[in-house]
Amino acid sequence: MTAYGFRRAGKAASLLMAVALPAALVPPAASAATTLSMLGADVSTAQRALELGAKYYDANGTAKDPLDVLKGAGVNYVRLRIWNNPRSGYNNKAKVLEYARTVKAKGLKLLVDFHYSDTWADPGKQYKPAAWAGHTISQLTTDVYNYTYDVCNSLKAQGTVPDSVQIGNEINTGMLWNEGRIVNSNFTNLGRLLKAGYNATKACNADTQVIIHTARVESGARWFYDGIRAQGVQWDITALSYYCYWHGSMSSMGGVLRDMRSRYGKPVILAETAYPYTTANHDRTTNVITSSQPCAGYPATPAGQAANFTAVQNAARNAGALGIFYWEPTWHAVPGNGWDPADINNSGDGWENQAVFDRNGRLLPGIRWTP
């Protein structure tokens with residue numbers, strides 16, 4: 001996911017169905033999960049908000065650390081994105097290491113989301129970090145290995161080893177463009193990069209789970225995962241994003257989750273989802289989603305948001321998914337915590353109406369993560 005409207009449906013390349021593999025090459029299906037054990041929240045902007053003086057409250061109005069509020073609502077897993085050298089000075093290695101200590105101290109598990117960029121990475125853009133700008137694919141493969149290993153090992157050294165990592169963020173068009181871009185269904189270079197990330201993670205800590213994450217929950221996901229599998233890429237968990245206002249019905253989403261789990265023999269998760277609780281805009285930046293009912297049956301109200309999140313969890317659970325992550329539930333409109341890492345102080349937040357905290361930082365009623 002990225003923030004503020006530079007999303008989605010029209011930007012990602014069309015994903016075509018691949019020819020089915022011979023039966024002998026198809027792995028056994030992963031066992032269907034009967035509960036959601038990864039109950040996650042991507043709180044990558046929370047650290048900056050807190051340092052700006054933001055206050056968070058539980059649904060009763062008691063001031064608490066936002067992680068404690070989320071834990072009380074059922075969260076057991078935290079996702080933090082990492083950018084190589086963002087101009088904002090946030091979401092970099094030092095800040096991730098710092099906040100990882102807080103996450104682990106609260107008994108929460110940690111997922112580190114490598115964007116391999118200095119800014120947002122998604123299907124519409126996968127820009128190399130400035131420090132890697134002129135590097136060849138061979139150099140980039142080494143860069144990915146060394147950077148992934150360094151971050152993971154630094155986390156491990158301070159006693160906060162990541163429980164899982166994403167090798168890239170919403171990479172259905174590839175990553176580290178142009179060298180790692182998928183062109184004419186050629187996955188060769190992307191395969192090299194993903195294998196480097198996988199190998200670095202396992203060299204750091206064999207028990208850390210490697211997640212490969214794409215953005216679009218639709219049958220065309222086969223094209224991508226078949227493509228990387230044909231390159232010999234290994235991964236532990238298949239991850240997809242699901243936003244009903246971009247990705248269609250929950251029944252279709254459930255069908256794709258079942259297909260992914262069966263086809264690749266790996267657990268599946270929804271790495272991102274969210275829904276608005278209001279149409280109001282509380283800062284200078286236009287909200288990404290403005291409709292009063294973005295998806296049929298779910299108005300943009302606190303009750304509608306809670307009902308949508310419950311329904312998404314139920315659909316994922318019924319499809320045998322392992323977990324689900326809400327994207328940026330703590331990102332309400334805190335001045336100075338904008339979407340643009342090149343101008344974080346002055347840019348606004350186009351996502352605050354999809355946070356699970358209201359404009360005053362109070363947890364919205366009805367929001368629960370449920371196993």
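These are my notebook entries on helices, disulfides, single residues and backbone geometry in this structure, which is a predicted model.

**Entry 1. Helix α3**

I began with helix α3, which covers residues 93-105. I asked what span its 13 residues should have at 1.5 Å a residue. The expected value is 18 Å, and the end C-alpha atoms are 18 Å apart, so the two agree.

I then looked up which residues of α3 are buried. They are Lys-95, Val-96, Leu-97, Tyr-99, Ala-100 and Val-103. I noted that a lysine, Lys-95, is in this buried set. The cover over these residues includes the helices α1 (46-51), α2 (66-72) and α4 (137-157). It also includes the strands β2 (77-82) and β3 (109-114).

After α3 comes Gly-107, and I recorded a positive phi for this glycine, near 75°.

**Entry 2. Packing of α3 on α4**

I next looked up how α3 sits against α4. The axes of the two helices are 10 Å apart, and the packing angle is about 30°. Angles under 35 degrees count as roughly parallel, and α3 and α4 are therefore roughly parallel to each other. Their crossing is right-handed. On the α3 side, the contact is made by Lys-93, Val-96, Leu-97 and Ala-100. On the α4 side, Asp-150, Val-151, Ser-154 and Leu-155 make the contact. Val-96, Leu-97 and Ala-100 are also entered above as buried residues of α3.

**Entry 3. Disulfides**

How many disulfides does a search of the whole structure find? I recorded 2. With the bonded cysteines of the chain numbered in sequence order, they pair as 1-2, 3-4.

One disulfide is formed by Cys-152 and Cys-204, with the sulfur atoms 2.2 Å apart. Cys-152 lies in helix α4 and Cys-204 in helix α5 (residues 188-204), so I wrote down a link between distant parts of the chain, 52 residues apart. I checked the handedness from the torsion about the S-S bond: the value is about -85°, so this disulfide is left-handed. Are its two cysteines buried or exposed? Cys-152 is buried, at a relative accessible area of 2%. Cys-204 is buried as well, at 3%.

The other disulfide joins Cys-244 and Cys-295, whose sulfur atoms are 2.0 Å apart. This pair also links distant parts of the chain, 51 residues apart. Cys-244 belongs to helix α7 (residues 244-247), while Cys-295 is in the loop between β7 (268-272) and α9 (302-318). About the S-S bond I noted 110°, and the link is right-handed. Cys-244 has a relative accessibility of 11% and counts as buried. Cys-295, at 9%, counts as buried too.

**Entry 4. Lys-195 and Gly-72**

I looked up Lys-195 and placed this residue in helix α5. Its relative accessible area is 31%, and Lys-195 is thus entered as partly exposed. Leaving aside residues up to four places away in sequence, I found that Lys-195 touches Gln-231, Gly-232 and Val-233. I also noted the separation of Lys-195 from Thr-141: 54 residues in sequence, and 8.6 Å in space from C-alpha to C-alpha.

Gly-72 is in helix α2. With a relative accessibility of 52%, Gly-72 counts as exposed. Its C-alpha atom is separated by 19 Å from that of His-332, 260 residues apart along the chain.

**Entry 5. Backbone geometry**

Most residues other than glycine have a negative phi, and most peptide bonds are trans. I therefore looked for departures from this general pattern.

Asn-91 has a positive phi, near 65°. I located Asn-91 in the loop between β2 and α3. The residue is buried, with a relative accessible area of 10%.

Tyr-116 also has a positive phi, near 50°. I located Tyr-116 in the loop between β3 and α4, and its relative accessible area of 1% makes the residue buried.

Which form does the peptide bond from Trp-177 to Asn-178 take, cis or trans? I recorded cis, with omega near 0°. Asn-178 is found in the loop between β4 (164-167) and α5.

Notes: Residues numbered from 1 in each chain as written. Predicted model: local features only at pLDDT ≥ 70, side-chain atom pairs only at ≥ 80, totals over all residues. Heavy atoms only, no water. Helix = DSSP H or I, 4+ residues; strand = E, 2+ residues; numbered from the N terminus. Expected span 1.5 Å × (residues − 1). Buried < 20%, exposed > 50% of the residue type's maximum accessible area, 1.4 Å probe, protein only. Contact = heavy atoms within 4.5 Å. Disulfide = S-S within 2.5 Å. Axes fitted to C-alpha atoms, helices over the stretch in contact; angles between N-to-C directions. Parallel < 35°, antiparallel > 145°, perpendicular 65-115°, else oblique. Left-handed = near helix turned anticlockwise from the far one by under 90°.
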